[in-house]
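Let's walk through this model together, starting with the overall make-up and then moving to a few places worth a closer look. Keep the viewer open as you read.

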Amino acid sequence: MIWLWVLLAAALTIGGIFWLGRLPAAARPLAGAAVMLGLAGYALQGSPALPGKPVAALEEPEGFGEALTDQRQGMAERFGPAAQWLGMSDGFARTGKTELAAKTLEKGLEKYPDNVDLWVGLGNALAAHGGGMMSPAAALAFDEAAKRDPSHPAPPFFAGLALAQGGDLKGAEAVWSGLLARSPADAPWRRDLEVRLAQLRQALGPQLPPETSGETPTAAPAGGVPN
């Protein structure tokens with residue numbers, strides 16, 4: 001039954017080439033030979049009777065897709081050129097194509113070099129492409145985003161997220177603490193930031209006091225300041 005469908009598809013292909021394609025008469029034998037050669041190759045190597053086997057999708061870096069598309073943060077524009085490029089980039093990232101995700105945003109930045117959201121997205125994509133680590137290229141992208149708009153919450157938020165995912169919990173805590181300190185009380189991202197920061201501090205555990213030198217200060221004589 002499978003071969004019947006294969007032969008039918010071949011016949012339709014040849015018919016389409018000959019009549020719909022309007023090939024010259026001299027080229028028709030060559031086109032027919034190409035189709036028959038393909039059938040011969042399939043007959044030798046194909047296995048149409050084998051059952052299908054679903055292929056598992058590549059696992060995306062943890063938190064990357066969520067971080068990129070979470071509109072509840074209120075940090076990225078929902079419409080416009082940035083949302084367009086971010087959407088395409090996220091599509092690549094979700095299938096594990098992190099390099100294409102980064103290159104897509106680089107193309108977007110060629111057209112909109114001062115767009116903060118695109119720079120932040122590039123930082124996320126580069127961090128994901130590096131296995132979740134904050135690479136120098138990702139850090140540079142976040143810095144470029146912050147330069148464009150120092151008051152924008154997205155650069156420090158996602159930079160802190162990349163640091164945390166890469167294992168630099170102290171660095172992430174410092175960045176997020178600074179962002180929380182300057183976030184308005186009614187900021188849409190504040191609650192999420194507070195929760196993440198609390199989890200981060202819990203993971204860090206009790207903070208040790210700053211180290212002091214081992215030298216014991218010498219007391220001044222009772223009579224006054226020594227010479």
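A word on accessibility comes first: a residue is called buried under 20% relative accessible area, exposed over 50%, and partly exposed in between, using a 1.4 Å probe and protein chains only. The model is a predicted one, in which local features need pLDDT of at least 70 and side-chain atom pairs count only at pLDDT 80 or more, while totals for chains, interfaces and linings use all residues. Residues are numbered from 1 along each chain as its sequence is written, and side-chain values use heavy atoms, with hydrogens and water left out.

With that in hand, try P150, which sits in the loop between α7 (136-148) and α8. P150 is exposed, because its relative accessible area is 61%. Its C-alpha atom is separated by 9.9 Å from that of V116, although the two are 34 residues apart along the chain.

Now step back to the whole chain. It has ten helices and zero strands, where helices (H or I, at least four residues) and strands (E, at least two) are DSSP runs numbered from the N terminus. Of the 227 residues, 33% count as buried. Contact here means heavy atoms within 4.5 Å. Among contacts with a separation of 6 or more, 55% are between residues 24 or more positions apart.

For a buried example, look at T104 in helix α5 (residues 98-111). T104 counts as buried because its relative accessibility is 10%. Setting aside neighbours within four places in sequence, T104 is in contact with W85, M88, S89 and F92.

Next, find helix α8 (residues 154-165) and helix α10 (residues 190-204), which pack at an angle of about 25° with their axes 12 Å apart. Axes are lines fitted to C-alpha atoms, for helices over the stretch in contact, and angles run from 0 to 180 degrees between N-to-C directions. The angle makes α8 roughly parallel to α10, a term for angles under 35 degrees. On the α8 side, the contact is made by F157, L161 and A164, and on the α10 side by D192, L193, R196 and L200.

Finally, helix α9 (residues 169-181) has 13 residues and reaches 18 Å from its first C-alpha to its last, close to the 18 Å expected at 1.5 Å a residue; that expected span is 1.5 Å times one less than the number of residues. Its buried residues are G171, A172, E173, W176, S177, L179 and L180. What covers them includes α8 and α10.

Conventions:
Parallel < 35°, antiparallel > 145°, perpendicular 65-115°, else oblique.
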